[in-house]
Amino acid sequence: MIHGELELAAPLRWGMVGGGRGSQIGYIHRSAALRDGHFRLVAGAFDIDPAAGRDFGQRLGVAPERCYESYRSMFEVETRRPDGLQAVSIATPNGTHFEICKAALEAGLHVVCEKPLCFTTAEALELQALAQARRRVLGVTYGYAGHQLIEEARARIAAGELGEIRIVQMQFAHGFHCAPAERDSAAARWRVDPKMAGPSYVLGDVGTHPLYLSKVMLPELEIDELLCSRQSFVPGRAPLEDNAFTIMKYTSGAVGYVWSCAVNAGSMHGQKIRVIGSRASLEWWDEQPNQLRLEVQGEPVRILERGMGYLDTAARAEDRIGGGHPEGLFEAWSNLYRRFALAMDATDRGDTARLAGLRYPDVQAGVHGVRWVERCVQSADQGGVWVRWAQ
């Protein structure tokens, strides 16, 4: 269990690009990073408007001279300071991720980036090679991957409790954009703009989340080929989709389905993953994150609760309070940022043993998500045809 004890010799000096006033995700980045004392916010380029970014940064307690007008000026100045940045988080629209990630890595910084890392597999592989060459951590914020019951699902699948894995059903299907929310919301507007969002809307924005959960639960499962159909139900969103269905064939013979949707009217969030084996099934839903449903054929349904002693050790290691009290998205993000920090520290110290024991959405996860979106778009735009994963 996490008790708030310091695990690093000193907190990592940390900054942000984006995440300023009005950002949908800036606060959860800061809350997660600062929660356990692993990071200390010392600098930022918080807004495209320098004055607004400076005002916001100072209200967060950042020194005025370290509230920068751009990420480029921040990296240039901070790399010359003896107490300069060690890590940076990128919380900006999709279209800026590649250039900011690349600049941060070239400046010698560890990076935590919103997904997707970029728009193409070629760009993602370039970032992967750069991170490896510079020996820097590049993490991706698949937030719910930090929830403890995802670890429980992984452990039970690995133990063979489900039998042979046959089907993986995934969805992230909310209803908040079933009407043209982009008319009144800047945050919704850029998500349906190809110049800022990239080649997809919901495939990249929501579909990659349960896809990564499946990689955590089923690390040996590899995609062989996929077929995607995507639709734009709200006028004006084409060529980007607000709904998509993806079918995947795995090399093992199993099949997978991902429903990515922003027009599921009435649904609050709708992120679920169900893994179906020859003997039993597991199901997890992010609106009820503290329960994992285990269904063994011929037996009563079991609801496994977070924080209980019958769970796997890995599923209890990051509990922050006893069972019965709900833990959710903020705790899951905090767990991820804790893992990011430990990985960054271990990398700096050359502690390969420590690194090997850490699981977090790394640059390979980022590459996987970008490749998946690219393949889905390729399939859909050819009329919904099967495309090979490796091309």
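In this predicted model, Trp386 lies in the loop between α13 and β14 (387–388). Is this tryptophan buried, exposed or partly exposed? Its relative accessibility is 36%, so Trp386 counts as partly exposed, a class that falls between the cut-offs of 20% and 50%. Trp386 also has company at the surface: together with Ile247 and Tyr257, it forms a nonpolar patch with about 260 Å² of accessible area.

The loop that holds Trp386 leads on to β14, and this strand belongs to an open sheet of nine strands. Read across the sheet, the order is β13-β12-β11-β10-β6-β9-β8-β7-β14, with mixed pairing. Strands β13 (302–305) and β14 are the edges, each pairing on one side only. The neighbour of β14 is β7 (residues 223–231); the two run antiparallel and are joined by two bridges. In one of the pairings, Leu226 has Val387 of β14 as its bridge partner.

Helix α13 (363–381), on the other side of the Trp386 loop, helps to cover the buried residues of another helix, α5. Helix α5 covers residues 121–134, and its length can be checked with simple arithmetic. With 1.5 Å a residue, its 14 residues should span 20 Å; the end C-alpha atoms are 20 Å apart, so the expectation and the model agree. Which residues of α5 are buried? They are Thr121, Ala124, Leu127, Gln128, Leu130 and Ala131. Besides α13, their cover includes α4 (97–106) and β5 (138–140). Just after the helix comes Arg135, with a positive phi of about 55°.

Technical notes:
Residues numbered from 1 in each chain as written. Predicted model: local features only at pLDDT ≥ 70, side-chain atom pairs only at ≥ 80, totals over all residues. Heavy atoms only, no water. Helix = DSSP H or I, 4+ residues; strand = E, 2+ residues; numbered from the N terminus. Expected span 1.5 Å × (residues − 1). Buried < 20%, exposed > 50% of the residue type's maximum accessible area, 1.4 Å probe, protein only. Contact = heavy atoms within 4.5 Å. Patch = residues over 30% accessible without salt bridge, like charges linked within 9 Å, V, L, I, M, F, W, Y side chains within 5 Å. Areas by Shrake-Rupley, 256 points an atom, 1.4 Å probe, with all protein chains shown as cover. Salt bridge = Lys/Arg side-chain N within 4 Å of Asp/Glu carboxyl O. Pairing = 2+ DSSP bridges.
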